[in-house]
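Here are some notes to read alongside the model, written for someone who is opening it for the first time. They go from the overall layout to a few single residues.

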Amino acid sequence: MKVLIITRHYLDQHLGGPNCSKAFIKAITNIYDDCTLIYPEHHDKHTELSHIVNEKTHLIPCFDKRNKIIKCLDMYRG
């Protein structure tokens with residue numbers, strides 16, 4: 001079975017949402033062998049995910065290229 005996991009949390013942070021996402025991702029990738037993870041990534045650094053996912057998991061980083069003004073407007077508009 002193929003599993004696609006999409007998260008909106010930055011997985012290098014140690015807050016409630018990212019920790020919950022990391023626990024969910026770790027559980028799912030331990031259950032299923034063919035997983036793909038799409039996750040947000042910072043432009044200036046690489047997030048090390050070897051402690052969260054197994055080596056069979058396909059990782060697809062996603063970069064947010066919007067500037068801060070557009071991000072604020074998008075948050076206001078929903």
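1. A word on terms before we start: two residues are in contact when they have heavy atoms within 4.5 Å of each other. Taking the contacts in the chain between residues at least 6 apart in sequence, 45% of them join residues at least 24 apart. Keep in mind throughout that this is a predicted model.

2. Now the general layout. The chain has two helices and three strands, and if you walk along from the N terminus, the elements come in the order β-α-β-β-α. Its C-alpha atoms fill a box of roughly 40 × 25 × 20 Å along the principal axes. There are 78 residues in the chain, and 27% of them are buried.

3. Have a look at the sheet next. It is an open one, built from three strands in the order 1-2-3 with parallel pairing. Strand 1 and strand 3 sit at the edges, each pairing on one side only. On average, neighbouring strands are turned by 15° against each other, if you ignore direction. Helix 1 packs on this sheet and touches strand 1 and strand 2, and its direction makes about 170° with that of strand 1.

4. Zooming in on one pair of strands: strand 2 and strand 3 run together in the parallel sense over six bridges. If you want a spot to find by eye, P40 stands opposite C62 in strand 3.

5. Which residues make up the largest nonpolar core? There are eleven of them: V3, I5, L11, I25, I28, C35, L37, Y39, L49, I52 and V53. Strand 1 (2-6), helix 1 (16-31) and strand 2 (34-41) are the elements that give two or more residues to this core. Strand 2 gives the largest share, with three residues.

6. V3 is a handy core member to click on. What does V3 touch, once its neighbours within four places in sequence are set aside? The list is I28, Y32, D34, C35 and T36. Two of these names, I28 and C35, also appear in the core list together with V3.

7. T57 deserves a stop too. You'll find T57 in the loop between strand 2 and strand 3. Is T57 buried or exposed? It counts as buried, because its relative accessible area is 9% and the cut-off for buried is under 20%. The side chain of T57 makes a polar contact of 2.7 Å with the side chain of N54. Leaving out residues up to four places away in sequence, T57 touches T29, C35 and L37; C35 and L37 are both members of the core described above.

8. Then there is F63, which lies in strand 3 (residues 58-63). F63 counts as partly exposed because its relative accessibility is 40%. Not counting residues up to four places away in sequence, F63 touches E41, H42 and H43. For a sense of distance, F63 and K26 are 37 residues apart in sequence and 22 Å apart in space, C-alpha to C-alpha.

9. On to the charged side chains. The structure holds five salt bridges. D64, R66, K71, D74 and R77 are linked in a network of them, so this is a good group to display together. One link runs between K71 and D64, where the closest N and O atoms are 3.7 Å apart. K71 counts as partly exposed because its relative accessibility is 32%, and D64 is also partly exposed, with a relative accessible area of 24%.

10. Stay with that network and look at D74. The side chain of D74 meets that of R66 in a salt bridge of 2.6 Å, N to O, and D74 also forms a salt bridge with R77, at 2.9 Å. R77 and D74 both lie in helix 2 (residues 68-77), three residues apart, which is about one turn of the helix.

11. How exposed are these three partners? D74 is partly exposed, with a relative accessible area of 25%, and R66 is partly exposed at 37%. R77 counts as exposed because its relative accessible area is 60%, and the cut-off for exposed is over 50%.

Terms used
Residues are numbered from 1 along each chain as its sequence is written. This is a predicted model: local features need pLDDT of at least 70, side-chain atom pairs count only at pLDDT 80 or more; totals for chains, interfaces and linings use all residues. Side-chain values use heavy atoms; hydrogens and water are left out. A nonpolar core is a set of buried Ala, Val, Leu, Ile, Met, Phe, Trp, Tyr and Cys residues joined through side-chain atoms within 4.5 Å. Buried means under 20% relative accessible area, exposed over 50%, partly exposed in between (1.4 Å probe, protein chains only). Helices (H or I, at least four residues) and strands (E, at least two) are DSSP runs, numbered from the N terminus. Two strands pair if DSSP finds at least two bridges between them. Axes are lines fitted to C-alpha atoms, for helices over the stretch in contact, and angles run from 0 to 180 degrees between N-to-C directions. A salt bridge is a side-chain nitrogen of Lys or Arg within 4 Å of a carboxyl oxygen of Asp or Glu. A polar contact is a pair of N or O atoms within 3.5 Å; within protein, one must be able to donate a hydrogen and the other to accept it, and residues adjacent in sequence count only if both atoms are side-chain atoms.
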